[in-house]
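Student: Please pick one helical part of the chain shown here and go through it closely, together with whatever it touches. Keep it plain.

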Amino acid sequence: MKLDPDEMVPVINRLRRAEGQIGGVIRMLEDGRQCQDVVIQLAAVIRALDKAGFAIIASGVRRCVADPDEALNLEQLEKLFLSLA
């Protein structure tokens, strides 16, 4: 099942922001910043990545409903969903 590039624009934007956040976390570590500040930023990156993953899965589910010929089976969808859990 292929993803719709138009639906992936917000996901790509989210991932680019997360990429910037990861760079920020690395700089914080290199600068010897406080543990709690680093962990807070790292948690924000993790949430951004999780949201991107769930958005991709949601797009895939919509495509499966719209075009059953391209559909993944239930086991494959469940495996994708649980991989983010």
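Tutor: A contact here means heavy atoms within 4.5 Å. With that cut-off, take the contacts in the chain between residues at least 6 apart in sequence: 65% of them join residues at least 24 apart. The model is a predicted one, and the part to look at is helix H1, residues 5–30.

Some context for the whole chain helps before the helix itself. The secondary structure amounts to three helices and zero strands, in the order α-α-α from the N terminus. The chain has 85 residues, and 21% of them count as buried. Its accessible surface is about 6300 Å², with 58% of that belonging to carbon and sulfur atoms.

H1 itself has 26 residues. From first C-alpha to last it reaches 36 Å, which is close to the 38 Å expected at 1.5 Å a residue. The helix does have a kink, of about 25°, and this is centred on valine 11. Val11 is also among the buried residues of H1, along with Met8, Ala18, Gly23, Gly24, Val25 and Met28. A general point is useful when reading that list: an α-helix has 3.6 residues a turn, so residues three or four places apart point the same way.

Now the two ends of H1. At the N-terminal end, aspartate 4 acts as the cap. One of the side-chain oxygens of aspartate 4 lies 2.9 Å from the backbone nitrogen of aspartate 6. After H1 comes glycine 32, with a positive phi near 70°.

What does H1 meet elsewhere in the chain? Two residues of helix H2 give part of the answer, valine 45 and serine 59. Leaving out residues up to four places away in sequence, valine 45 touches Ala18, Gln21, Ile22 and Val25. Of these, Ala18 and Val25 are in the list of buried residues of H1. Valine 45 counts as buried because its relative accessibility is 3%, and the cut-off for buried is under 20%. A C-alpha distance can be added: valine 45 and arginine 14 are 9.9 Å apart in space and 31 residues apart in sequence.

Serine 59 has contacts with Leu3, Glu7 and Met8, again leaving aside neighbours within four places in sequence. Met8 is one of the buried residues of H1. The relative accessibility of serine 59 is 0%, so this residue counts as buried too.

Just past H1, there is a charged pair to note. Side chains of opposite charge can pair when their charged atoms come close. A search of the whole structure finds one salt bridge, and this is between arginine 33 and aspartate 37. Their closest N and O atoms are 3.9 Å apart, and the cut-off for a salt bridge is within 4 Å. Are the two partners buried or exposed? Neither label applies, because aspartate 37 has a relative accessible area of 25% and arginine 33 has 46%, and values between 20% and 50% count as partly exposed.

For contrast, consider the far end of the chain. Alanine 85 is in the segment after helix H3 (74–83). This alanine is exposed, with a relative accessible area of 82%. Even so, the C-alpha atoms of alanine 85 and aspartate 50 are separated by 8.7 Å, with their positions 35 residues apart along the chain.

Technical notes: Residues numbered from 1 in each chain as written. Predicted model: local features only at pLDDT ≥ 70, side-chain atom pairs only at ≥ 80, totals over all residues. Heavy atoms only, no water. Salt bridge = Lys/Arg side-chain N within 4 Å of Asp/Glu carboxyl O. Buried < 20%, exposed > 50% of the residue type's maximum accessible area, 1.4 Å probe, protein only. Helix = DSSP H or I, 4+ residues; strand = E, 2+ residues; numbered from the N terminus. Areas by Shrake-Rupley, 256 points an atom, 1.4 Å probe, with all protein chains shown as cover. Expected span 1.5 Å × (residues − 1). Bend = angle between axes of the 7 residues up to and from the residue. Polar contact = N/O pair within 3.5 Å; in protein donor to acceptor, adjacent residues only side chain to side chain.
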